[in-house]
Amino acid sequence: MTMIDQAGTYVLGSRAVNRLGYGAMQLAGPGVFGPPRDRDEAVAVLRAAIAAGVNHIDTSDFYGPHVTNQLIREALSPYRDDLLIVTKIGARRGEDAAWLPAFGPDDLARAVEENLANLGLETLEVVNLRLMFDVHGPAEGSLAAPLKALADLQRQGLVRHIGISNATPTQFREARDIAKIVCVQNQYNLAHRDDDGFIDALAAEGIAYVPFFPLGGFSPLQSSALSAVAAQLGATPMQVALAWLLQRSPNILLIPGTSSRAHLQENLAAASLTLSDDVVRTLDAIGL
């Protein structure tokens with residue numbers, strides 16, 4: 001039994017995965033653009049994650065671009081049978097590192113082909129359609145056209161399961177009339193709680209919710225209440241923030257990212273942290 005087994009499992013697509021996974025975004029260079037500062041350490045982090053029991057890795061070919069997928073292939077291929085690699089499409093990177101929409105059928109087909117090639121896979125197990133109506137957060141807009149294009153790629157056997165990212169509840173309802181949706185990936189953490197009701201609704205339907213920026217995003221989550229709880233528990237604030245997410249709802253799957261093996265182990269240790277009801281109430285108040 002590994003340390004992260006204590007967090008339990010949840011079904012994503014057709015597989016049960018450990019609820020504490022790994023997000024590969026930070027393996028790319030500054031601003032998620034270009035090569036890593038330390039390629040050897042990036043490879044070592046990926047191998048350490050698998051050795052620690054991680055069997056859910058989140059990535060995209062627009063990280064770098066191409067960088068994280070090529071690192072994953074270098075570090076982990078041939079892949080373990082129980083490893084679920086989840087990727088996302090719907091955006092591309094400009095030469096100035098800008099995040100740009102890439103929603104057209106040709107854009108999506110090319111993105112799937114590039115993810116397959118750089119990961120060295122014949123089928124992508126789960127692909128999230130990243131909605132880009134607003135780069136900074138969910139915004140309403142019909143996802144019918146790009147989702148139908150992605151569903152066509154699914155029918156071709158290039159994609160096994162579909163999720164959506166940066167999406168609203170209205171868009172989720174539209175999406176599930178077009179294709180089976182196995183997960184939603186949105187920003188959510190102790191301080192950013194817009195999706196509270198959405199998470200509960202998805203849990204009732206047995207659909208995974210994967211929060212990105214679980215630790216606050218590019219600027220770390222700062223809270224005197226969080227720091228006080230962490231000191232009381234002999235843990236780091238980030239471990240407490242992750243433990244709160246694990247206890248928030250059983251359908252939450254975590255993908256904290258890091259480019260450091262030491263920080264990886266710190267994140268994974270959150271699986272063994274249990275928060276009392278009083279502590280949870282204190283932490284819940286941070287987002288009010």
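This briefing describes the overall build of one protein chain and then some of its helices, loops and single residues.

The structure is a predicted model, and every value below was computed from it. The chain holds 10 helices and 11 strands, and its radius of gyration of 18 Å is close to the 19 Å that the globule rule gives for 288 residues, so the chain is as compact as a globular protein of that length. Buried residues account for 55% of the 288 residues.

**Overall build**

- Measured out along its principal axes, the C-alpha trace of the chain spans about 55 × 45 × 40 Å.
- When contacts are taken between residues at least 6 apart in sequence, 74% of them join residues that are at least 24 apart.
- The chain exposes about 12,100 Å², and carbon and sulfur atoms supply 50% of that area.
- There are 22 positive and 31 negative side chains in the chain, and the centres of these two sets lie 2 Å apart.

**Two helices with a buried face**

- An α-helix has 3.6 residues a turn, so residues three or four places apart point the same way.
- Helix α6, which runs over residues 196-204, has Phe198, Ile199 and Leu202 among its buried residues. Seen down the axis of α6, the buried residues fall within an arc of 100 degrees, so they line one face of the helix.
- The cover over the buried residues of α6 includes two helices, α5 and α8, together with the strands β10 (181-187) and β11 (208-212). After α6 comes Gly206, whose phi is positive, near 75 degrees.
- Helix α7, made of residues 224-233, has Leu226, Val229 and Ala230 buried. In a view down the axis of α7, its buried residues also fall within an arc of 100 degrees, so they line one face of this helix.
- On the other side of α7, Ser224, Ala231 and Gln232 are exposed, while what covers the buried residues of α7 includes α8 (237-248) and α10 (277-284).

**Loops on either side of α2**

- Gly64 and Pro65 are joined by a cis peptide bond with omega of about -10 degrees, and Pro65 lies in the loop between β4 (56-58) and α2 (67-76).
- His66 has its place in the loop between β4 and α2, and its phi is near 75 degrees, a positive value in a residue other than glycine. With a relative accessibility of 27%, His66 counts as partly exposed, the class for residues that are neither under 20% nor over 50%.
- A cis peptide bond also joins Ser77 and Pro78, with omega of about 0 degrees, and Pro78 lies in the loop between α2 and β5 (84-89).

**A buried residue in α2**

- Thr68 has its place in helix α2, and at 0% relative accessibility Thr68 counts as buried.
- Leaving aside residues up to four places away in sequence, Thr68 touches Ala24, Met25, Leu27, Ala28, Thr59, Ser60 and Tyr63.

**Two buried asparagines**

- Asn166 lies in the loop between β9 (159-165) and α5 (169-176), where its phi is near 60 degrees, a positive value in a residue other than glycine. Asn166 has a relative accessible area of 3% and is buried.
- Asn18 has its place in strand β2, which covers residues 15-18, and Asn18 is buried, with a relative accessible area of 7%.
- If residues up to four places away in sequence are not counted, Asn18 touches Ile4, Asp5, Gly8, Thr9, Gly53, Asn55, His56 and Leu253.
- Asn18 and Asp40 are 22 residues apart in sequence, and their C-alpha atoms are 26 Å apart in space.

Methods
Residues numbered from 1 in each chain as written. Predicted model: local features only at pLDDT ≥ 70, side-chain atom pairs only at ≥ 80, totals over all residues. Heavy atoms only, no water. Helix = DSSP H or I, 4+ residues; strand = E, 2+ residues; numbered from the N terminus. Rg over C-alpha atoms; globule rule 2.2 N^0.38 Å. Buried < 20%, exposed > 50% of the residue type's maximum accessible area, 1.4 Å probe, protein only. Contact = heavy atoms within 4.5 Å. Areas by Shrake-Rupley, 256 points an atom, 1.4 Å probe, with all protein chains shown as cover. Lys, Arg positive; Asp, Glu negative; His and termini not counted. Charge placed at Lys NZ, Arg CZ, Asp CG, Glu CD. Arc of directions from axis to C-beta.
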